[in-house]
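Hi everyone, thanks for making time for this. I have one structure to walk you through today, so please keep it open in your viewers while I talk.

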Amino acid sequence: MRLPVRLKFLPAVLLLTLLCACGTAVMNPVSGQTELSAMSEEQEVAEGQKAHQQVLKEYSVYNNPAVQDYVNALGQRLAAQSHRANLQWHFTVLDSPEINAFALPGGYVYVTRGIMAYMESEADLAGVIGHEIGHVTARHGAQRATSQQHAGLGVFAASILGAVLESQGISGAGQLAGQVSQTVAAGYIASYGREQELQADGLGAQYLARNHYDPHNMVDVITVLKNQERYAADQAKAEGKSAPTGAGWLASHPSNDQRLQQIKQTADQYDAKMQYVDEGRERYFKVIAGMSFGESADQGLVRGRNFYHGALGIALTAPVGWRIQNSATQLALLNAAGDAGLLLKPVPPAAGKTHAEVLRNGFKAAQGKTEPVTINGLQATRFNGTRQDAQGQSQALEVTLVSGPDSKMYVLQPAAKDAATLQANRSALREAEASFRALNAQDRAAAKPWSIKLLPYPKGGFAELAKRSSLPNAEQQLRLVNGVYGGGEPKPGQLVKVVEAL
């Protein structure tokens, strides 16, 4: 939800208008070949600067100067040894729990604290950043802009590479929200092609070697991320569901196995006798110790069927079998099929000061039934009728406006793929609506954010550590976050990551 306090990360669609309708001959710094491009280097930089401002509006920057400085210093070292060292590079850590990294033309690279939590060393993170630098140095964004211009699209859509994994109930569940939300950005997310992804992997390995990191760390990065899909598939099987489809970093072009096979072959080509620097595990662990894990308090916290937002003082509970999707623009409580749900959004102050004003000015409500109600002691108004769209056409409108405990106003809107599905879920939708409440003492006790702590690996292994962790499926998730979900054990006494409530 676009609230005064940031909620969970939603991959944005950034549409960059092309500045030139004709192609320009530009040399590709990686291939050394001249290619016809819709964007010169100057245009790349200009478009990257504009898009960067959009990113800063869409996403929260992680408020930890030490982490930001560390990532920037690492990125600058890698970029200095890249094919485009002349660019002014920018590296930013985003306050998002998603396993995500992406780049914009002109030298703008972003990683999330979510992806940092799953890396095991400085060299691993260097592999992630090196991959993203590779997309910029090989001018993949400009190439997509050119192909889209040739197709008559006239825009360049920046690619979000991070895996917004369905294992966390975000991607697939978001289909309904994307269909019914009026705030979802127009356009689409463009993904890089098979050859571009493989090339970026190879460039990541090359930039690792140039900075005296073992290029096999690029293999480790892909393996760690592939394990996310393995975990998602295992969890789905345990719940009797189909395995979810991965996205972003582990998209189907190329396939995960093919990507791993090729990066292994690429890494093996480097001189085995080369002396590499320490992979920086100890340095890296010092940086991520205390880092937020999962949603941070100012994004709102999903805990099972409950959503808590301490700063706003509100909470909701999803019906049994439903799940919660927390995005940058709204909160959605969705049924198991993902075809019906209750959407919660903040009401912009400009829409009105009273429920009647918001219905009239914000929703253009026309004919229908208006019913004042009380939801857990909070003043609310239900409206069921029609509204006038921008073309003056009549559309069905069903919303409930609630005055929250912080004097802010919220809209609760039931939605479904069709009228029959809406009616079939009517009882659960009312149950979800009725759960909206001001935080009580029990809610506040449960609304504790998680953070990464470092502990020596005990004799009892992850089973022992799981007893003190706040994570669901704690033993398996701790294996995942420590890079051994696919097998193996840390050495006794070795520092490992544990996730605990603050």
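Let's begin at β4, a strand that is largely enclosed by the rest of the structure, because four of its five residues are buried. Keep in mind as we go that this is a predicted model. β4 belongs to an open sheet of three strands, ordered β4-β6-β5, with mixed pairing. At the edges sit β4, residues 90-94, and β5, residues 101-104, and each of them pairs on one side only. On average, neighbouring strands in this sheet are turned by 20 degrees against each other, ignoring direction.

How many bridges link β4 with β6? There are five, and the two strands pair in the parallel sense, with β6 covering residues 108-112. If you want to find the register on your screen, H90 stands opposite Y108 in β6, and F91 stands opposite V109. Packed on this sheet is helix α4, residues 122-137, which touches β4, β5 and β6. The direction of α4 makes about 25 degrees with that of β5.

Now for some aromatics. The structure holds eight aromatic pairs. One of them is F102 with Y110, a stacked pair with 4.7 Å centre to centre and 20 degrees between the planes. Are these two rings' residues buried or exposed? F102 is buried, at a relative accessible area of 1%, and Y110 counts as buried because its relative accessibility is also 1%, where the cut-off is under 20%. Add Y59, and you have one aromatic cluster made of Y59, F102 and Y110.

On to the nonpolar core. In soluble globular proteins, nonpolar side chains tend to be buried together. Here, the largest nonpolar core has 67 residues, and V71 and M116 touch the most other members. Which residues does M116 touch, leaving out those up to four places away in sequence? They are V67, V71, V93, V111, L125, Y284, I288 and M291. There is also a second, separate core of 25 residues, which includes I314, L378, A380 and L412.

I314 gives us a route to another sheet. Strand β10, residues 306-309, and strand β11, residues 314-317, run antiparallel and are joined by four bridges. Within that pairing, H309 stands opposite I314 in β11. The open sheet here has four strands in the order β9-β10-β11-β19, paired antiparallel. Its edge strands are β9, at 301-303, and β19, at 437-438, each pairing on one side only.

Next, please look at β14, residues 340-346. Why call this strand largely enclosed by the rest of the structure? Because seven of its seven residues are buried. A340, L342, L344 and P346 point one way, while G341, L343 and K345 point the other way, and all are buried. Yes, that list includes K345.

β14 has two partners I'd like to show you. With strand β13, residues 331-334, β14 pairs in the antiparallel sense over four bridges, and L334 stands opposite G341. The hairpin of β13 and β14 has five residues between the strands, and G338 takes a positive phi there, near 75 degrees. Strand β18, residues 409-416, is the other partner: seven bridges join it to β14, and the two run antiparallel. For a landmark, the bridge partner of P346 in β18 is Y410.

One more element, and this time a helix. α16, residues 474-481, is largely enclosed by the rest of the structure, since six of its eight residues are buried. Those buried residues are A474, Q477, L478, R479, L480 and V481. What covers them? The cover includes α3 (113-118), α8 (217-238), β8 (292-293), α15 (461-466) and β21 (495-501). After α16 comes G483, with a positive phi near 75 degrees.

Let me finish by zooming out. The protein has 16 helices and 21 strands. Of its 502 residues, 56% are buried. Among contacts with a separation of 6 or more, 68% come from residues 24 or more positions apart. Finally, the protein exposes about 21100 Å², and carbon and sulfur atoms supply 50% of that.

That's my tour. Thanks for listening, and I'm happy to rotate back to anything you'd like to see again.

How values were computed:
Residues are numbered from 1 along each chain as its sequence is written. This is a predicted model: local features need pLDDT of at least 70, side-chain atom pairs count only at pLDDT 80 or more; totals for chains, interfaces and linings use all residues. Side-chain values use heavy atoms; hydrogens and water are left out. Two strands pair if DSSP finds at least two bridges between them. Axes are lines fitted to C-alpha atoms, for helices over the stretch in contact, and angles run from 0 to 180 degrees between N-to-C directions. Contact means heavy atoms within 4.5 Å. A nonpolar core is a set of buried Ala, Val, Leu, Ile, Met, Phe, Trp, Tyr and Cys residues joined through side-chain atoms within 4.5 Å. Buried means under 20% relative accessible area, exposed over 50%, partly exposed in between (1.4 Å probe, protein chains only). Accessible areas come from the Shrake-Rupley method with a 1.4 Å probe; for residues, only the protein chains shown count as cover. Rings of Phe, Tyr and Trp (its six-membered ring) pair if their centres lie within 6.5 Å; planes under 30 degrees apart count as stacked, over 60 as edge-to-face and the rest as tilted.
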